[in-house]
Amino acid sequence: MVATTGYSKNVQRWMDYFHGSHGPAELSGMLHDDVVFQSPVVHTPQEGKAITMMYLGAAGQTLANDTFRYVRVFDCGDKAVLEFECEMDGITVNGIDMIEWDADGLITDFKVMVRPLKGMQAVHGAMKAMLEQMKAGQG
C-alpha cells in the first residue's frame with residue numbers, strides 16, 4: 001500500500017476523496033463538466049460529468065471493497081497513473097487509474113484499465129449488475 005499523503009495538489013485531492021467520505025458532491029466538485037471517462041467494460045468513451053459520476057460510483061461500489069488498495073503512484077502534477085489491486089470473488093484484480101486534470105484542478109480525463117482476463121471478467125460482471133441496479137433506481 002502506498003502513502004496517502006505527500007502528493008501534488010491534484011493527486012492529493014483524489015487521495016483525500018478516495019480515503020475519505022466518497023461523497024457524490026465532493027466527486028462532482030472534482031470533475032470538469034466535459035470530463036471523459038474511459039471504462040474497461042465499455043468500448044466508447046463516456047462524455048460528461050453525469051455519466052462519469054455514474055461509472056465512478058458503480059466502480060466505487062464494486063471494486064473499492066475492503067481489499068482495494070493503491071500499490072503504486074506515478075504523480076506528474078496534472079497527470080497521474082495510480083496502480084491498484086483488489087480481490088473480487090476470489091480473483092485478484094490489478095489495474096490502473098489514469099487521471100488528467102486541467103489548470104483549475106478539475107479532472108478532464110479518467111481512464112481505467114484492468115488485468116488479467118479473469119479480473120476483467122469479474123469487473124465486467126459486477127459493473128454491469130451495478131449499473132443496471134443504478135439505472136433501475138433512477139427510473
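In the predicted model, Glu 85 has Asn 94 of β5 as its bridge partner. This pair belongs to the ladder between β4 and β5, whose strands run antiparallel and are joined by ten bridges. Two residues separate the strands in the β4-β5 hairpin. One of the residues in the loop between β4 and β5 is Asp 89. The phi of Asp 89 is positive, near 50°, in a residue other than glycine. Asp 89 is also exposed, with a relative accessible area of 76%. That value lies over the 50% cut-off, so Asp 89 is classed as exposed rather than partly exposed.

β5 also pairs with β6. The sense is again antiparallel, and eight bridges link the two strands. Within this ladder, Gly 95 is matched with Val 114 of β6. The β5-β6 hairpin has five residues between its strands. Gly 105 of this hairpin takes a positive phi near 80°.

Leu 106 lies in the loop between β5 and β6. The residue is partly exposed, at a relative accessible area of 23%. It falls outside the buried class because that class requires a value under 20%. Leu 106 is 74 residues from His 32 in sequence. In space, the C-alpha atoms of Leu 106 and His 32 are 5.1 Å apart. Beyond its neighbours within four places in sequence, Leu 106 contacts Gly 29, Met 30, Leu 31 and His 32. Glu 100 and Trp 101 are also in contact with Leu 106.

On the other side of β4, the partner is β3. These strands, β3 (69-75) and β4 (residues 79-88), are antiparallel and share six bridges. Val 73 faces Leu 82 of β4. Asp 75 is bridged to Ala 80, also in β4. Three residues lie between β3 and β4 in their hairpin. In the turn, Gly 77 has a positive phi of about 80°.

These ladders are part of a six-stranded open sheet. The strand order is β2-β1-β6-β5-β4-β3, and the pairing is mixed. The edge positions are held by β2 (46-47) and β3. Each edge strand has a single partner, so one side of β2 and one side of β3 lack a neighbour in the sheet. Strands of a sheet pair through backbone hydrogen bonds, in either the parallel or the antiparallel sense.

Helices pack on this sheet. Helix α1 (residues 9-19) lies across β3, β4, β5 (91-101) and β6 (107-115). Its direction is at about 165° to that of β3. Helix α3 (residues 49-62) also packs on the sheet and touches β1 (31-38), β2, β4 and β6. The angle between the directions of α3 and β1 is about 55°.

The buried residues of α1 are Asn 10, Val 11, Gln 12, Trp 14, Met 15, Tyr 17 and Phe 18. They pack against α2 as well as β3, β4, β5 and β6. An α-helix has 3.6 residues a turn, so residues three or four places apart point the same way. Asn 10 sits in α1 and has a relative accessible area of 11%. This is under the 20% cut-off, so Asn 10 counts as buried. With residues up to four places away in sequence set aside, Asn 10 touches Gly 77, Asp 78, Trp 101 and Gly 105. Of these contacts, Gly 77 is in the turn of the β3-β4 hairpin, and Gly 105 belongs to the hairpin of β5 and β6.

The largest pocket has a volume of about 400 Å³. Its lining comprises 27 residues. Trp 14, Leu 56, Gly 57, Ala 59 and Gly 60 lie nearest the pocket centre. Trp 14 is also among the buried residues of α1. At least two lining residues each come from α1, α2 (24-30), α3, β6 and α4 (117-138). Helix α3 provides the largest share, with six residues.

Two cysteines contrast in their exposure. Cys 76 is exposed, at 56% relative accessible area, whereas Cys 86 is buried, at 3%. Zero disulfides are found in a search of the whole structure.

How values were computed
Residues numbered from 1 in each chain as written. Predicted model: local features only at pLDDT ≥ 70, side-chain atom pairs only at ≥ 80, totals over all residues. Heavy atoms only, no water. Pairing = 2+ DSSP bridges. Helix = DSSP H or I, 4+ residues; strand = E, 2+ residues; numbered from the N terminus. Contact = heavy atoms within 4.5 Å. Axes fitted to C-alpha atoms, helices over the stretch in contact; angles between N-to-C directions. Disulfide = S-S within 2.5 Å. Buried < 20%, exposed > 50% of the residue type's maximum accessible area, 1.4 Å probe, protein only. 1 Å grid on protein atoms, 1.4 Å probe; cavity = no way out; pocket = protein on both sides within 12 Å on 5 of 7 lines; lining within 4 Å. Points joined across faces, edges and corners; volume = space filled by probe spheres on them.
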